[in-house]
Structures are given as C-alpha cells and as structure tokens.
Amino acid sequence: MDLRFRDAEPSAEERAAVDAVLGPPPSGWEGGARTEEDLRFASGGHEARDRRDLLLPALHAVNDRIGWISQGALDYVCRRLTVPPAEAYGVATFYSLFSLKPRPTRVLHVCTDLACRARGAEAVRRGVAEALGPPGASWRPSPCLGLCERAPAALALEAGEVPKAAVYGPMAPDREAAGRPGPGAADDAPAGPPGVDLTERPEPPAEHAVPQAGRDGLVLLRRVGRVDPASLDDYRAEGGYAALRRAFALGPAGVVREVLDSGLVGRGGAAFPTGRKWEAAAGRPDHPHYLVCNADESEPGTFKDRVIMEGDPYALVEAMTIAGYATGCHRGYLYIRGEYPRAVRRMSHAIAAARSRGLLGDDVMGQGYAFDIELRRGAGAYICGEETAIFNSIEGYRGEPRSKPPFPVEKGLFGKPTVVNNVETLVNVPPILLAGAGAYAATGTAGSTGPKLFCVSGAVARPGVYEVPFGATLRDLLGLAGGTTGTLRAVLLGGAAGAFVRPGELDVPLTFEGTRAIGATLGSGVVLALDESVDLAGILLRIAGFFRDESCGQCVPCRVGTVRQEEALHRLSLRPAPGDAAGDLALLREVGQAMRDASICGLGQTAWNAVESAIDRLGVFSPREGSPA
Amino acid sequence: MSAVPLQPPRRLIEMTVDGQEVRVPEGATVLDACAAAGKDIPTLCHGDTLTPKNACRVCVVEVEGSRTLAPACSRRAEPGMVVGTATERARHSRKVVLELLASSTDLSTTPRAAEWIGEYGARPDRFGPEAATVAQPPKVDNDLYVRDYAKCILCYKCVDACGEQWQNTFAIAVAGRGFDAVISTEHDAPLTDSACVYCGNCVEVCPTGALSFKSEFDMRAAGEWDEPRQTQTTTICSYCGVGCNLTLHVQDNRIVKVSSPHDNPVTRGNLCIKGRFGYQHVQNVGPSDG
Ligand SMILES: Cc1cc2nc3c(=O)[nH]c(=O)nc-3n(C[C@H](O)[C@H](O)[C@H](O)COP(=O)(O)O)c2cc1C
Ligand code: SF4
Ligand code: FES
C-alpha cells in the first residue's frame with residue numbers, strides 16, 4: 001500500500017486529541033516530526049495497520065474535542081494508523097454524529113421519532129426552529145434517542161476539552177401546551193407559543209425510568225434505584241458477583257448447560273437461543289474467541305438497555321465476565337451507541353472499578369481466568385446494532401453488515417469465533433446461575449422463559465421500562481403503566497421493525513409465540529401506545545424515513561426500496577381521494593416483498609413490516625378509513 | 001512449469017437446480033451450479049475476476065429451507081441443495097430489483113440491462129416522474145478516464161479492484177450512507193489529487209459504463225461510438241518484461257480503448273497505466289497525424 005496524503009496539517013488541538021487515544025507517534029512515518037533517523041529506514045506500517053480498530057475511537061476523539069473532523073485531522077489519523085484517506089473518509093461519512101464540515105461546538109439533537117412524535121415532538125420541532133432557526137449545523141432532527149420515557153426529548157452534545165452532554169425532556173410537559181393537535185385537527189398549528197423548554201436541568205436518576213423501582217419480585221431491575229450505580233460495594237452487598245463465583249464452580253461447560261436448560265433466548269430482537277450460540281462458539285477450535293455485548297440500542301422506542309447500564313452497570317460487567325468465561329473469551333467489547341453519554345460514563349467507571357478490584361484483568365477473582373472489557377462508542381448508525389455490522393464498526397470499517405454464512409460464531413470479530421449478545425440477554429444470566437435453570441424456566445411460558453423488559457411509551461400515564469414475567473398480556477402491561485391516555489388507536493409492538501396491534505387485541509400474551517400467532521413480534525420489547533389524536537400516516541412516514549436514513553446503502557432492495565416506500569407513503573398521505581390509492585398500495589406491497597426476500601440483512605428485511613401491518617390490520621389508507629388516518 | 005497452475009482434484013457436490021441434477025466441484029457457488037444446469041442468471045456486482053460483495057441482489061434464487069432468497073453469486077453450493085431459479089418469489093425480487101435500479105440509475109450503457117428489463121417485465125417508470133435518482137454531472141477531471149456516477153449502481157467492484165482485491169491503491173471507497181452513498185475519493189477530491197495511479201483496473205470491472213475511457217466517453221457524446229464496427233486484437237504489451245496481454249479495441253483504424261483478457265494468467269484483466277492508456281504513440285505516427 002502506497003498511501004497518498006493531502007498534506008493538510010492538523011491543528012495542535014486535533015493532534016493532541018488523536019495522540020490522547022493513540023499515544024505519541026513513534027516516528028516521522030506515522031505523522032511525528034521527521035528525524036534524521038526516519039530517513040534511514042522506511043517503516044512498512046504493519047504495526048500501525050494492526051491498530052485499524054482504533055480508527056473510530058480516533059475519529060471520536062477529534063469530533064469530541066473540536067466538534068467536527070477537518071481534512072488535516074483526518075489526514076493525521078490516517079498517517080497514525082496507515083489507513084488510506086479514501087477509506088477513512090468513507091468511514092467518517094458513514095456516521096451521523098460526525099461532521100466533515102465546520103460546525104458549532106454545540107449541537108442539539110431533537111428527537112422527532114415515534115415515541116416523541118406520539119407526545120408532541122412535531123410541536124417541539126417547530127418550537128426549536130422558532131428559537132434557533134431552521135435545522136442545520138446547530139440543531140437537527142434526530143432518530144430515537146432512547147429517552148422515550150421523557151418524550152418529547154432532545155440531547156445536546158458539546159465538543160471541548162471535556163466534552164459535555166445535556167439531556168432535555170419532556171420538552172413540553174403539558175401536552176396541550178405542546179400543541180398536540182386534538183382529534184381530527186391533524187396538522188393545525190397550536191395557538192400561542194409552543195412552549196419548548198430549553199433550560200438545562202440535572203438529568204433525573206436512572207430509576208426515574210422505572211416506575212416499578214424498589215418493588216419486590218423484580219429480577220432484572222431489582223437493583224435499579226436501590227444501589228448507587230457507581231458503587232461496587234453496593235453491588236456486592238446486593239448479591240453482586242455471587243453468580244460469577246457460581247460460574248467458576250460450574251466450569252465453562254456447566255454454565256453453558258445451565259443457559260441451555262434455562263431456555264433463554266436473545267432479547268435483541270432475533271430471539272435466538274443463547275445457550276446454542278454459546279455452545280457453538282465455545283466449541284470452535286480456532287482462537288481467540290471474542291465476546292461482543294450489543295448495546296447499540298437504536299430501535300425506535302427502545303431504552304431498556306440504557307436503563308440497565310445507567311442503573312445497574314456492574315450487573316452487565318459481571319454478566320459479560322460470565323459469558324466470556326463460558327465461551328472461552330478473554331476479551332469482551334461493549335459497544336454502546338454514541339447517543340448514550342451517561343451509560344458510557346457509568347459503564348466505563350464500572351469497568352475501571354471492577355478492574356481495580358481484580359474482577360477484570362489477568363486473574364479474575366483469583367481463579368486464573370483472564371478477561372477484560374473494552375468499551376466502544378457508536379457514532380450514530382442504527383445499522384451498527386446488526387450483529388455483523390457491529391464487527392465492521394469495531395474493526396474500523398464502514399458499519400455494513402456482512403453476508404452470512406459464515407455466522408459470527410464461526411467467523412466474527414477480527415475473523416474469529418464471536419458471541420454477540422444483547423445487554424438484557426446477558427443480564428439474565430446471573431439470575432439463571434443463582435436460581436438454577438429449572439427455577440428460572442419456571443417463570444414465563446414453555447416457549448418464552450424468564451422475565452422480560454418492556455419499553456412502554458406513548459399514550460400511557462406512566463411510560464417507562466417494566467419488568468413482567470413472559471405471558472403477561474398487553475392489557476396487563478398497559479395497566480401497569482397506568483393505562484392509556486385518550487382513546488387507544490393502536491399499539492406498535494417491536495419498534496419500527498415491528499407491527500401494529502389493534503385495541504381489540506390487548507389480550508395477546510406478550511410471548512414470542514403469542515405475538516407470532518397474531519402476526520406481530522416482540523422485537524426489542526417496544527410497546528408504543530398511540531391514541532386517536534396521533535396522525536398515523538405521519539407515524540408511517542416517519543418509520544419509512546427512519547429506514548431510508550439508516551439503510552447502509554449496500555444492497556439495492558433496501559437502498560432504493562426504502563426510498564420508494566417513503567415516496568409512495570408520501571403520495572398516499574397527500575392524496576385527497578383514497579380511490580386512486582390502489583396503485584401505490586400495490587407498489588408498496590411489491591417493493592416490500594422484494595425488500596423482505598432479497599435484502600442482505602434484517603434492516604431491509606423488516607423495513608416494510610410495520611407499514612404492511614398498518615395497511616392490513618389498521619386499514620390505514622383503505623377507502624373505508626375515509627380520509628387517511 | 002505450466003502456465004495454468006494445476007489444482008488438486010476437488011470433490012464433486014450433487015444438488016438440484018430447477019429439478020435438474022447437477023454436479024459442481026466443492027467450493028463452487030450456486031451461480032456455478034446454475035450455469036452447469038444451463039440457467040442464465042442475471043448478475044451485476046459479480047465479476048469473473050473478483051469476489052463479489054453480493055450487493056446488487058439481481059441474482060437471487062430460492063434455496064429450499066432458507067427464509068430469504070439467496071444471492072447465487074456468493075452462496076456456496078452445498079450437497080443436496082435444492083435451488084429454484086425461476087420461482088415466483090425469485091423472479092419477483094429480480095424484477096423489482098431491476099425496477100429499483102433502472103428508476104434510480106442511468107442503465108443506458110449497462111450491457112444486457114434492457115434485455116433483462118424486458119424479460120422480467122420490469123416497469124421502472126411505475127415509481128412516477130418524481131422518483132429520486134442518482135443523476136449528477138459526470139466527473140471529468142483527467143485525460144484518461146471519466147467517472148459518470150449517474151450510471152453507478154454501487155456494485156463495489158471498482159473499490160475492490162482499486163483496493164484489496166487487486167491494485168492495493170485504495171484511491172476510492174464508498175462514502176456516505178444509504179441512498180446518498182457514493183464512490184468517492186477522500187473529501188471528493190479530483191482524481192488528480194488522489195492516490196489514483198491510473199491503472200484503469202476499475203474501468204475494466206465496471207459493469208455499467210459509469211467508468212469509461214475518456215476516448216469512449218467523448219465518442220459517445222459525439223455520437224461516434226459504434227461497437228459493432230470495432231475490432232478487438234489481443235497482443236502483448238511492449239513496455240516491460242512482464243508480458244501482459246492487451247486487447248486493443250479499434251474503430252476506424254484508431255485505438256479507442258484497451259482491455260485485458262480476464263482469463264489471462266498474467267493479468268487477470270489488470271494492467272498498469274502504460275499498458276492501459278499508453279497507446280497514443282502507436283497512432284501518432286507523423287506530424288500530419290497530430
Ligand atoms: C438493523 C438491525 C439493528 C439491530 N440493532 C440491535 C441493537 O441495537 N441491539 C441488539 O442487541 N440487537 C440488535 N439487533 C439484533 C442483532 O443482530 C443480534 O441479533 C443480537 O444482538 C443478538 O443478541 P441476542 O441473541 O442476545 O439478542 C439488530 C438487528 C438488525 C438487523
Ligand atoms: S438490507 Fe439495508 S442495511 Fe442491510 S445490508 Fe442491505 S442496504 Fe445495508
Ligand atoms: S450478482 Fe449476485 S448480488 Fe449482484
């Protein structure tokens with residue numbers, strides 16, 4: 001490789017930001033000051049190239065310090081890591097939190113996604129535009145920020161020597177004041193000021209999102225609100241690390257057996273049996289094995305993983321250690337979405353504290369097992385939660401999914417056998433080991449065992465994360481959340497990739513098999529209640545816009561199909577007479593089928609699910625519906 | 001030493017394609033199996049000299065037991081596989097993929113595109129006149145080749161040929177995301193400011209004509225490009241001792257483009273700037289010719 005650079009110089013600040021991640025440059029060949037010595041030999045750059053996985057952290061470092069990535073900064077990062085500038089540019093432009101153009105240090109991300117939309121985000125958007133001008137460099141509409149219990153919400157990220165973040169929400173506590181249109185008045189702007197509150201306030205504690213906090217009988221949320229999330233002693237006093245001790249007693253195969261017998265399946269959306277995944281990875285002869293904890297949580301309406309990481313961070317550290325032990329990994333990567341600054345802070349603190357007490361490191365708990373966790377931050381890309389895209393993202397490539405086979409347990413991160421699990425999946429493991437697989441499996445139903453977290457948002461009295469045993473009905477869950485406000489129109493189960501459920505179907509048991517039976521899905525545990533006041537066509541347009549924005553662009557059915565889906569929905573929602581909708585509905589179906597059948601990954605394959613269910617089950621755009629809902 | 005390297009004998013895999021028994025060597029793709037069964041499957045991002053990214057999805061087939069369709073170009077053939085190339089589902093996806101491509105991209109110079117659009121009954125115009133496209137002006141920033149990204153289907157072949165699969169130059173990569181993704185140099189700089197070494201190996205693998213010799217681009221613009229009138233002559237490059245085969249495309253006794261046979265064991269279709277673009281001396285024979 002013969003790299004050509006642009007000879008744009010980084011500023012001293014940019015250089016310092018990069019060096020803080022990569023260390024000082026070892027020679028003139030990697031961007032340091034050129035010395036006599038450097039001229040006597042040519043460095044092949046192999047060592048630098050082996051650190052390609054530090055590309056994303058280095059880009060973050062610049063973006064965090066300056067607010068954007070200049071040509072000089074990108075050039076310097078490329079020299080340091082021997083990455084071709086064109087490739088680094090391709091990576092940097094993949095992520096929506098990075099900018100390659102100058103912009104203010106502070107950027108406000110205003111959520112305009114589903115849960116916030118159901119609680120007045122459109123009015124907030126108008127209010128922000130009134131206060132700050134049209135969207136652009138200083139503020140921008142954002143996909144779901146995972147703050148749905150505080151909807152409508154926003155996140156400000158401020159670059160600097162110490163980067164800052166501020167969270168806003170609810171930005172219009174009084175929904176009427178937020179200009180939430182009344183029934184029938186689809187798009188009427190509210191009279192008077194929209195009442196957007198942009199005062200910075202301290203963020204409420206994590207348990208604020210858990211209305212059940214402190215109640216007896218909770219398993220996964222047991223400690224949230226009861227322990228100081230910073231305190232390892234608190235965690236241990238509340239039963240922490242008993243499960244890891246138990247794991248060492250059982251041995252790796254024993255742990256895998258327990259997880260198999262527990263019936264635990266993945267909580268990240270695909271519902272794959274965790275024990276089978278672990279068994280397959282553990283048995284692979286090639287080493288090293290890697291563990292990746294998927295905390296990219298970007299499915300609109302999902303915020304459960306955030307609440308665990310913010311409220312009980314050591315639980316995830318312990319669970320990852322157990323998973324690593326069971327599957328023969330000595331290194332785990334925790335990949336947290338870039339929009340979760342507090343979760344990143346809490347998790348890095350917990351990892352450091354565990355390391356300093358010998359609970360991570362060369363000799364975990366004095367048992368001769370070496371395991372450590374590296375935290376990686378995403379940078380604004382839903383697709384990086386896909387189980388193979390996350391590998392590319394960690395390795396410093398564009399977050400494009402890989403084609404399967406080979407599967408992650410065969411060839412995953414750095415081409416090695418890899419276990420990828422969701423945060424919630426992993427935190428189920430300590431309770432399994434402590435209670436025993438049998439007792440764990442006694443909770444829930446035969447097909448869906450254990451407790452489950454649901455992210456309840458939208459038109460309910462008390463939005464938040466709820467823990468219920470599998471088998472509780474949707475009605476039970478909405479009841480727990482204080483019931484719906486207004487007249488219920490529909491519930492979106494499973495997020496943007498999920499399906500709508502009618503008000504008449506509230507007795508569906510919230511299990512994998514129960515939701516499947518009515519043609520829906522649990523997905524990542526999203527339960528978004530929509531009342532009659534919500535403009536359903538607007539929700540569908542937003543779902544379509546989400547997939548269009550988040551498609552990686554690799555395969556044609558998804559890259560172009562999501563655009564055509566959005567265009568057709570746009571026409572349908574504008575059309576005065578539903579009579580001529582038939583052509584566009586047929587088009588949606590045909591494109592949807594091709595996206596489902598021919599896309600590479602789950603994003604394209606599910607991009608039409610929610611729209612299809614709204615058309616088929618809710619009758620949106622059907623002539624009987626009258627004007628579009 | 002033999003010019004064609006001998007390979008160890010490979011086991012044969014038996015499978016069925018459209019009900020027909022076929023045998024292919026282990027390691028073959030479903031596409032190879034389809035070819036063995038005499039099926040003509042459309043492909044775009046697959047190339048005979050590259051490992052495909054299976055991004056275009058025009059080659060999808062139905063594999064029994066698989067939830068989604070499989071890209072024939074990349075899925076490995078397995079013993080006992082039951083493949084359907086002409087099932088309703090497979091034909092439907094191919095048709096829609098062609099519609100999506102043709103409605104967003106200029107396929108006028110993509111070989112066989114019009115034929116497939118007819119064969120599958122694809123109607124790219126059904127998305128209406130407002131349908132978003134990737135239309136943009138061609139990038140003419142050097143004397144040797146042109147990048148007309150209004151014709152680009154993002155097959156990744158040029159990126160792979162420039163980068164790790166052949167040239168190791170990495171002058172271009174995919175930038176941006178989703179429908180806005182493009183093939184680009186860093187910061188969209190002109191090629192003359194990039195790492196490009198003008199080997200033209202990207203032009204060689206481009207399936208759409210988005211990348212073309214400047215000579216071809218200019219002749220097309222002038223309405224003079226006439227492939228049936230061209231002859232192709234394969235010869236050996238005279239610049240150095242490697243012995244690359246060059247195929248000279250000649251129209252009206254002038255070289256209009258140079259390629260290299262993909263099955264040539266020396267080049268596998270790849271050349272350097274001299275072999276690819278250094279042919280002017282052949283036709284600049286005298287002052288009167290200038
Ligand atoms: C587009 C897309 C986005 C995804 N995002 C996430 C995510 O943010 N978190 C997650 O745990 N799983 C996500 N998944 C599912 C993962 O691919 C994978 O199934 C999961 O991480 C496996 O862990 P589990 O078995 O513990 O659920 C996503 C899948 C797709 C297709
Ligand atoms: S389905 Fe969409 S997100 Fe997935 S690989 Fe294809 S283009 Fe990328
Ligand atoms: S030719 Fe197979 S996906 Fe493009």
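The shell around ligand 2 in this predicted model is made up, by class, of 8 nonpolar and 5 polar residues, with no charged ones. In total 13 residues surround the ligand, and the closest are A:Cys552, A:Gln554, A:Cys555, A:Cys558 and A:Cys601.

Chain A also holds two open sheets, taken here in turn. One has 4 strands in the order β2-β1-β3-β4, with mixed pairing. Its edges are β2 (139-142) and β4 (164-168); each has a single partner strand, so one side of each lacks a neighbour in the sheet. Direction ignored, neighbouring strands of this sheet are turned against each other by 20 degrees on average. Strand β1 (residues 106-111) runs parallel to β2(A), and 4 bridges join the two. One residue pair can be located directly: A:Cys111 has A:Ser142 in β2(A) as its bridge partner.

The other sheet has 5 strands in the order β7-β8-β6-β5-β9, and its pairing is again mixed. Here β7 (361-364) and β9 (418-422) stand at the edges with a single partner strand each, so that one side of each is left without a neighbour in the sheet. From one strand to the next, the twist averages 25 degrees. At one end of the order, β7(A) and β8(A) run antiparallel and are joined by 2 bridges. A:Gly361 has A:Phe371 in β8(A) as its bridge partner. Elsewhere on this sheet, helix α10 (residues 274-282) lies across β5 (289-295) and β9 of chain A, running at about 160 degrees to β9(A).

Helix α13 of chain A comprises the 16 residues 341-356. At 1.5 Å a residue α13(A) should span 22 Å, and its end C-alpha atoms are 23 Å apart, which agrees. The buried residues of α13(A) are A:Arg342, A:Ala343, A:Val344, A:Met347, A:Ala350, A:Ile351, A:Ala353 and A:Ala354. An α-helix has 3.6 residues a turn, so residues three or four places apart point the same way. The cover over the buried residues of α13(A) includes the helices α8 (232-237), α11 (304-311) and α12 (313-327), together with the strands β6 (329-336) and β8 (369-377). Just after α13(A), A:Gly358 takes a positive phi of about 75 degrees.

In chain B, B:Thr267 lies in the loop between β12 (254-259) and α7 (273-277). Is this loop residue buried or exposed? B:Thr267 counts as buried because its relative accessibility is 3%, and buried means under 20%. Neighbours within four places in sequence aside, B:Thr267 is in contact with B:Cys244, B:Asn245, B:Ser260 and B:Pro261.

Conventions:
Residues numbered from 1 in each chain as written. Chains lettered and ligands numbered in written order. Predicted model: local features only at pLDDT ≥ 70, side-chain atom pairs only at ≥ 80, totals over all residues. Heavy atoms only, no water. Pairing = 2+ DSSP bridges. Axes fitted to C-alpha atoms, helices over the stretch in contact; angles between N-to-C directions. Near = heavy atom within 4 Å. Nonpolar A, V, L, I, M, F, W, Y, C, P; charged D, E, K, R; others polar. Expected span 1.5 Å × (residues − 1). Buried < 20%, exposed > 50% of the residue type's maximum accessible area, 1.4 Å probe, protein only. Contact = heavy atoms within 4.5 Å.
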